[in-house]
Amino acid sequence: ISDWYDKYGEGYMDPTYRLAGTYGRKLYSITAGESGIYNVMYYNINLLEELNMPKSPAQMFLDGEWTYTAFKDYAIAAQTELNKLVKADEKYYAVAGNSPYYWTGMANAGGVKLADVPRFEMDVKNPIAIAAADTLKAINTAGAMDPAKQVDANVASWNAGRALFSSGDLWFVNTSNRWKEDLWGEGELTKYGYVPFPRPD
């Protein structure tokens, strides 16, 4: 659509989307949207308060302690506490959602651009990307990650209040078709916490 865009695009398109839609100096996609940081880490504040954890993830971030190893240790320690909450056939998880979302966010937090569109190259073998993947593998191996691998508004354990962490877009909170205002109950029963993705050690 390069010719069409040159004629009618009026020179506007978010640089990130223009880069992503370009191959061989030709434009193959167009959007009026704006890029930005969308997928982030949330946690269930009320569920966290039921656990015997010394700090919140947000406080650890503010204290400069929110690293890959700290996230791994936190998730595994939280899972130990969550296992005490099991009721009937309801299983609780420290980390819910889809691990590639966490992996991408963690690699980006370490300064790694996993895809270089102009060079048509992937940087999945970067040591930081590998360390992020290893962190998630360790969390999964410890049984602290929901095996369902669900995304968006369909993360069942998160929606039921049986997951401590989930990833989601910034606009999900208090949105009727994602995480409604009373997802875990009315008023103070639904409290969302936010923490950036952890950084490399």
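Two strands are taken to pair if DSSP finds at least two bridges between them, and the strands themselves are DSSP runs of E with at least two residues, while helices are runs of H or I with at least four residues, both numbered from the N terminus. With these terms in hand, a tour of the structure can begin.

The structure is a predicted model, in which local features need pLDDT of at least 70 and side-chain atom pairs count only at pLDDT 80 or more, whereas totals for chains, interfaces and linings use all residues. Residues are numbered from 1 along each chain as its sequence is written, and side-chain values use heavy atoms, with hydrogens and water left out.

The chain contains 8 helices and 8 strands. Its C-alpha trace spans about 60 × 40 × 30 Å along the principal axes. Of its 201 residues, 39% count as buried, a term that stands for under 20% relative accessible area, with exposed meaning over 50% and partly exposed in between (1.4 Å probe, protein chains only). Contacts, defined by heavy atoms within 4.5 Å, often link distant parts of the sequence: among those with a separation of 6 or more, 65% come from residues 24 or more positions apart. About 11,400 Å² of the chain is exposed, and carbon and sulfur atoms supply 53% of this area, as computed by the Shrake-Rupley method with a 1.4 Å probe, where for residues only the protein chains shown count as cover.

A good place to look next is an open sheet of 4 strands, which has the order β4-β7-β3-β8 and mixed pairing. Strands β4 and β8 (192-195) stand at the edges with a single partner strand each, so one side of each has no neighbour in the sheet. From one strand to the next, the twist averages 35°. Strands β3 and β8 pair in the antiparallel sense over 4 bridges, and N44 stands opposite Y192 in β8.

Two helices pack on this sheet. Helix α5 (residues 68-82) touches β3, β4 and β7, and its direction makes about 165° with that of β4; here axes are lines fitted to C-alpha atoms, for helices over the stretch in contact, and angles run from 0 to 180 degrees between N-to-C directions. Helix α6 (residues 99-109) also touches β3, β4 and β7, with its direction at about 70° to that of β7. The buried residues in α6 are S99, Y102, G105, M106 and A107, and they pack against β3, α5, β4, α7 (127-141) and β7. After α6 comes G111, whose phi is positive, near 85°.

Strand β7 (residues 163-169) deserves a visit of its own. The strand is mostly covered, with 7 of its 7 residues buried. Strand β3 (residues 39-44) pairs with β7 in the antiparallel sense over 5 bridges, and F165 in β7 is the bridge partner of Y43. Strand β4 (residues 93-95) runs parallel to β7, joined by 2 bridges, and here Y93 has A163 of β7 as its bridge partner.

Within strand β7 lies S167. This residue counts as buried because its relative accessibility is 5%. Leaving aside neighbours within four places in sequence, S167 is in contact with N39, V40, M41, A96, Y101, Y102 and W179.
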